[in-house]
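Here are a few exercises to work through with the model open beside you. Try each task before you read the solution under it.

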Amino acid sequence: MLRVLILVAVVVGLALWLLRGRRVDTTTARRPGRGENPAQMIACAHCGVHLPRPDAVFDAEGRSYCGEPHRVAGPR
Ligand SMILES: [Zn+2]
């Protein structure tokens, strides 16, 4: 009887450990890994600062800038 209880405890403990491990795996899988940028980073043509592409301002030639003042100032 004692052996059965120990076996059940080991099986339940192992099952909980496996479930917890799987939960950790799914949460880390959703996060972007190292080197994977959710937003592409581009450089300002004027000052060279890097910023996410959605935040950039573009001129008629398609060059990217960090903001309107640098777009007006032009590439350097
Ligand atoms: Zn800039």
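**Exercise 1. Work out what share of the contacts with a separation of 6 or more is made by residues 24 or more positions apart.**

Solution. This is a predicted model, and we take the protein as a whole to begin with. Take the contacts with a separation of 6 or more, then keep those whose partners sit 24 or more positions apart: that leaves 15%. Next, set this beside the burial count: of the 76 residues, 11% are buried.

**Exercise 2. List the secondary structure elements in order, and find which has the lowest mean pLDDT and which the highest.**

Solution. Start with the tally, which gives 2 helices and 4 strands. Now walk along from the N terminus, and you read α-β-β-β-β-α. Then turn to confidence. The mean pLDDT over the protein is 81, with 70% of the residues at 70 or above. Element by element, helix α1 (residues 2–30) comes out lowest with a mean of 67, while β4 is highest at 98. One reading tip: where pLDDT is low, don't read the predicted coordinates in detail.

**Exercise 3. Decide whether Cys 66 is buried or exposed, and name its contacts beyond four places in sequence.**

Solution. First place the residue: Cys 66 lies in the loop between β4 (64–65) and α2 (68–73). Next, count neighbours. The cut-off for buried is 20 or more other C-beta atoms within 10 Å. Cys 66 has 20 C-beta neighbours inside 10 Å, so it counts as buried. Now skip the neighbours within four places in sequence, and the contacts of Cys 66 are Cys 44, Cys 47, Val 49, Leu 51 and Ala 56. For a distance check, go to Ile 42, 24 residues from Cys 66 along the chain: the C-alpha atoms are 9.1 Å apart.

**Exercise 4. Do the same job for Cys 44, then find which residues form the largest nonpolar core.**

Solution. Cys 44 is in a loop too, the one between β1 (41–43) and β2 (50–52). It is buried because 20 other C-beta atoms lie within 10 Å. Leaving out neighbours within four places, Cys 44 touches Val 49, Leu 51, Ser 64, Tyr 65, Cys 66 and His 70. Ala 56, 12 residues away in sequence, is 7.9 Å from Cys 44, C-alpha to C-alpha.

Last step: assemble the core. The largest one has 5 residues, namely Cys 44, Ala 45, Ala 56, Tyr 65 and Cys 66. As background, nonpolar side chains tend to be buried together in soluble globular proteins.

Note on methods: Residues are numbered from 1 along each chain as its sequence is written. This is a predicted model: local features need pLDDT of at least 70, side-chain atom pairs count only at pLDDT 80 or more; totals for chains, interfaces and linings use all residues. A residue is buried if 20 or more other C-beta atoms lie within 10 Å of its own, exposed if 12 or fewer, and partly exposed in between; C-beta atoms are placed from the backbone. Two residues are in contact if their C-beta atoms, placed from the backbone, lie within 7 Å. A nonpolar core is a set of buried Ala, Val, Leu, Ile, Met, Phe, Trp, Tyr and Cys residues joined through C-beta atoms within 7 Å. pLDDT is the predictor's confidence in each residue, from 0 to 100.
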